[in-house]
Amino acid sequence: MGCLTTLAVLMVQGGVRDLVSGTNPTGSAGAVLSFGTTIFGGGLLAGCLALILNRLR
């Protein structure tokens with residue numbers, strides 16, 4: 001669980017940093033892939049947090 005949470009945070013952090021700093025990958029496919037990993041990381045993070053909160057309840 002900790003490994004997945006760490007992976008999700010790193011995916012979201014890297015994607016947001018790329019969006020803020022403006023280092024867009026070359027081509028539209030690279031931009032879609034970068035944005036897709038951010039969305040996937042956010043979904044993974046939300047799922048991990050839901051499991052943790054469910055276990056705490």
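Buried residues make up 19% of the 57 residues in the protein chain. The model is predicted. Work through the exercises below with the structure open.

**Exercise 1. The whole chain**

Task: State how many helices and strands the protein chain has, and describe its accessible surface.

Solution:
- Step 1. Count the elements. The chain has 2 helices and 0 strands.
- Step 2. Take the surface. About 4200 Å² of the protein chain is accessible.
- Step 3. Split it by atom type. Carbon and sulfur atoms hold 72% of that area.

**Exercise 2. T5 in helix α1**

Task: Decide whether T5 is buried or exposed, then list its contacts.

Solution:
- Step 1. Place the residue. T5 sits in helix α1, which covers residues 2–21.
- Step 2. Read its relative accessible area, which is 18%.
- Step 3. Apply the cut-off. Buried means under 20%, so T5 is buried.
- Step 4. Look for contacts, leaving out residues up to four places away in sequence. T5 touches L45, C48 and I52.

**Exercise 3. Far in sequence, how far in space?**

Task: Find the C-alpha separations of T5 and L49, of A46 and T5, and of G43 and A8.

Solution:
- Step 1. T5 and L49 are 44 residues apart along the chain. Their C-alpha atoms are separated by 7.9 Å.
- Step 2. A46 and T5 are 41 residues apart in sequence. From C-alpha to C-alpha, A46 and T5 are 9.0 Å apart.
- Step 3. G43 and A8 are 35 residues apart along the chain. The C-alpha separation of G43 and A8 is 8.1 Å.

**Exercise 4. Three residues of helix α2**

Task: Classify G43, A46 and I52 by relative accessibility.

Solution:
- Step 1. Locate them. I52 is in helix α2, residues 27–56. A46 lies in helix α2, and G43 lies there too.
- Step 2. Recall the limits. Partly exposed falls between under 20% and over 50%.
- Step 3. Compare. G43 has 45%, so G43 is partly exposed. A46 has 44%, so A46 is partly exposed. I52 has 35%, so I52 is partly exposed.

**Exercise 5. A nonpolar patch**

Task: Name the residues that make the nonpolar surface patch, and give its area.

Solution:
- Step 1. List the members: M1, L49, L51, I52, L53 and L56.
- Step 2. Give the area. The patch is about 610 Å².
- Step 3. Link back. I52 belongs to this patch, and T5 touches I52.

Note on methods
Residues numbered from 1 in each chain as written. Predicted model: local features only at pLDDT ≥ 70, side-chain atom pairs only at ≥ 80, totals over all residues. Heavy atoms only, no water. Patch = residues over 30% accessible without salt bridge, like charges linked within 9 Å, V, L, I, M, F, W, Y side chains within 5 Å. Areas by Shrake-Rupley, 256 points an atom, 1.4 Å probe, with all protein chains shown as cover. Salt bridge = Lys/Arg side-chain N within 4 Å of Asp/Glu carboxyl O. Helix = DSSP H or I, 4+ residues; strand = E, 2+ residues; numbered from the N terminus. Buried < 20%, exposed > 50% of the residue type's maximum accessible area, 1.4 Å probe, protein only. Contact = heavy atoms within 4.5 Å.
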